[in-house]
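Visitor: I would like a close look at a single part of this protein, followed by its setting in the whole chain. Please take your time over it.

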Amino acid sequence: MSSQPEVAVGSAKQRVEARLKVTGRAPFTADHGTAHGLEEVAHAVIVDSSVGRGRITSIDTTEADAVPGVVRVISHANAPTLPYDDNAGRSLNPPGERLRVFQDDRVLFFGQPVAVVVADTLEAAQHAARLVEVRYDAEDPVTDLGAAPADEPVRYSRGDAEEALGSAPVRLDLTYRLARNHHNPMEPHATVARWEGDRLTVWDKTQWVGDGTQRELSTVFGLPREQVRVISPYLGGAFGSALRCWPHVTIAALAARETGRPVKLVLTRRQLYTGTGFRPAYEYRLRIGADRHGRVLATDHDIRSETSSYETFTEAVTAPGQTLYRTPHVRQAYRTVPLDVNTPTWMRGPGFASGVHVLETALDELAHELGIDPIELRRRNEPEQDEVSGLPFSTRRLLECYAVGAREFGWAERNPTPGSTRDGNWLVGIGTASAVCETGRSAARASVQLRVDGTALVQSATSDMGPGTYTSMTQIAADELGVDLDDVVFRLGDSDLPPAPSHSGSKTTASVGSAVLDGARQVRQKAVELAVADTRSPLYGADPADVVVAHGVLRSRNDPARRDSYRALIGRNGRSRLEAIGAYVPPTGQSHSMSAYGAVFAEVGVDSALGLVRIRRMLAVYDVGRIINPLLADSQAVGGMVGGIGMALLERTVTDHRDGRIVNANLADYLVPVSADVHDLRAIFLDGRDDHADPLGVKGLGEVVQVGVAPAIANAVFHATGRRVRELPITVEALL
């Protein structure tokens, strides 16, 4: 911990880039063009496959080529062979063979890119794309999770689940179905690509400029990584959709190379459903055995999830069932089902949101079966240590979250009998569920420069898709350097900057923030050492440990009259700046089990005649370690709750299994929560820090806030109606 006084960290500071965004001066990917030094930018429009499986037999571009302004139409018929060097296990590519655009005539899913039209204007490219005639030798696609064979399962076990289930006094056998969800960020995915000789620069919507997009493009085109630069200063939401370098990025770069011009490619809203990934659908059977006091003895998890035919996507859906509660006997079989679809990807609370939904709904069913209060049931199954590793918890304040939440939400006034509370025509119910997500940490670096004018420039190749990276890093640097917030500029989103991990897994603050902390500490120490060694400084000869810095002024703690300033010190010594590279590397091995926790409470109203579900109020209490900025943390929590409302009540991707077409690939038919769906949402963060996790004491917040929301709502719906719905989203039809 630093001896520096903390002024910015822990304060509810407004986003430092807020004015740029609300005035339209923050350039998102598709905004880059002539105003940003790109001359003669051409526009690219993708032609998608109209069959779900098969081969292309012919592509006729005659009419498209004749459209004024069309520069080129590229497909497998005329595209060059690309190296596509192996990149499995890196750039977050799952095992398998990633989609190789325009390299052969195969069609693997409906909506797969089969050609791209490049034209002088967007309108010309759009018109010409509609004129490209593609013929296929089509086959019947397999897109139904419930009707397709699965791969060999990944298994986990401890104890003897089958024997324990057979002898358990209370047994439940439950099957849950969770719909596919799409991210639907406000900003569509876009790429602008430019070649200068054999050097490629792309402006891309990405959550990982370095080992993500940069590495993938270098392997696709067979280039050294240093010849690929990726720039992504602002993201209009992503929720995981921008973690991979998707095929359209390669298409934009290929089109730019083939035409010799910068090329801009923006996916349409419809294309986002097949051009990027999604949270996979699940069929999840859970058998649970307990004694009559509510102590869980055994669980058996049989999980099926969708993946593509060419890559095997998995996520941490099994983790909650292994670690969330004390369970002596556990057996899990996690099967992926290859389908003729594009590859799923991570979505907020990946794996945990789905796995926790099943586990927490099942525990609510068990509590009802036994007549035990749902919070009390969880207390009786609280583990003493990590059930998998045997490690002690760094902090696990889940029961404290429940205690605070129950008090604040009025849980004690809840009538436990389902269907017993009414408000006019509305049946009212209250439900609760746990939230958990593992604490992520990765190696990161950051450069810190303290300049002669007293301002600081801090840089790292991280991202900010909305949680407030610009602001939190600025706060961390300002406090550690001892300067005002307005005197720090943080730059991100450029692969030329010091490397950072993917902007995902709730690890950005822990990882990049710790690197910023280290770099700022080094620079401050250099300034202190320079001052005490400078015969012209009032601090000459002082003990460096006695010097503190605030507002850019160095002073002696024991003699405040002895003071110097960064500006005077650096200038007097003929320097332009003091600088350092901060680094953070997680320790090898792990002494503690580290996760973020929460307790989510929901009150719903269900129209007794129409089956409509409305969220009346929600509260979530979190154990997430230190809070860098309460305003940003609250924004994250509310956003996670809104996402969880969508998962519980609205969001579902619908596929026509006859041809693999997604029939609701738009924001009119794919429903997401709007203002009318969101009322009283509140978050509380337990005060504290986790010093086992990282130097900052944070545990991660961005993922856990969506976990536990859907089951809390589902449990509230049951409490309101007495009807248990084991399928997401919960629809009107299920409640009528």
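Guide: Ile 730 sits in the loop that runs between β30 (727-728) and α17 (732-735), in a model that is predicted. With a relative accessibility of 4%, Ile 730 counts as buried, because the cut-off for that class is under 20% relative accessible area. Once its neighbours within four places in sequence are left aside, the residues in contact with Ile 730 are Ala 648, Leu 649, Ala 714, Val 717, Val 725 and Leu 735. A further relation spans a long stretch of sequence: Leu 178 is 552 residues apart from Ile 730 along the chain, yet the C-alpha atoms of the two are separated by 9.9 Å.

Another loop position that can be set beside this one is Thr 343, which is found between β15 (329-339) and α9 (352-370). Thr 343 also counts as buried, with a relative accessibility of 1%. Its side chain makes a polar contact with the side chain of Glu 311, at 2.8 Å. Glu 311 also appears among the residues that Thr 343 touches when those up to four places away in sequence are not counted, and the others are Pro 94, Arg 244, Trp 246, Gly 277, Phe 278, Ser 308, Tyr 310 and Phe 313.

For a position in a strand, consider Leu 265, which belongs to β12 (residues 263-266) and, at 1% relative accessibility, counts as buried. Residues up to four places away in sequence again not being counted, Leu 265 touches Ala 44, Ile 46, Val 116, His 189, Ala 190, Thr 191, His 248, Ile 251 and Ala 252. Ala 253, twelve residues apart from Leu 265 along the chain, has its C-alpha atom 9.5 Å from that of Leu 265.

As for the setting, the protein chain contains 17 helices and 30 strands. Its radius of gyration is 27 Å, close to the 27 Å that the globule rule gives for 736 residues, so the chain is as compact as a globular protein of that length. The C-alpha trace spans about 80 × 70 × 50 Å along its principal axes, and buried residues account for 61% of the 736 residues. Of the contacts between residues at least 6 apart in sequence, 81% join residues at least 24 apart. The accessible surface comes to about 27800 Å², with 48% belonging to carbon and sulfur atoms, while the charged side chains number 79 positive and 92 negative, the centres of the two sets lying 3 Å apart.

Terms used: Residues numbered from 1 in each chain as written. Heavy atoms only, no water. Helix = DSSP H or I, 4+ residues; strand = E, 2+ residues; numbered from the N terminus. Rg over C-alpha atoms; globule rule 2.2 N^0.38 Å. Buried < 20%, exposed > 50% of the residue type's maximum accessible area, 1.4 Å probe, protein only. Contact = heavy atoms within 4.5 Å. Areas by Shrake-Rupley, 256 points an atom, 1.4 Å probe, with all protein chains shown as cover. Lys, Arg positive; Asp, Glu negative; His and termini not counted. Charge placed at Lys NZ, Arg CZ, Asp CG, Glu CD. Polar contact = N/O pair within 3.5 Å; in protein donor to acceptor, adjacent residues only side chain to side chain.
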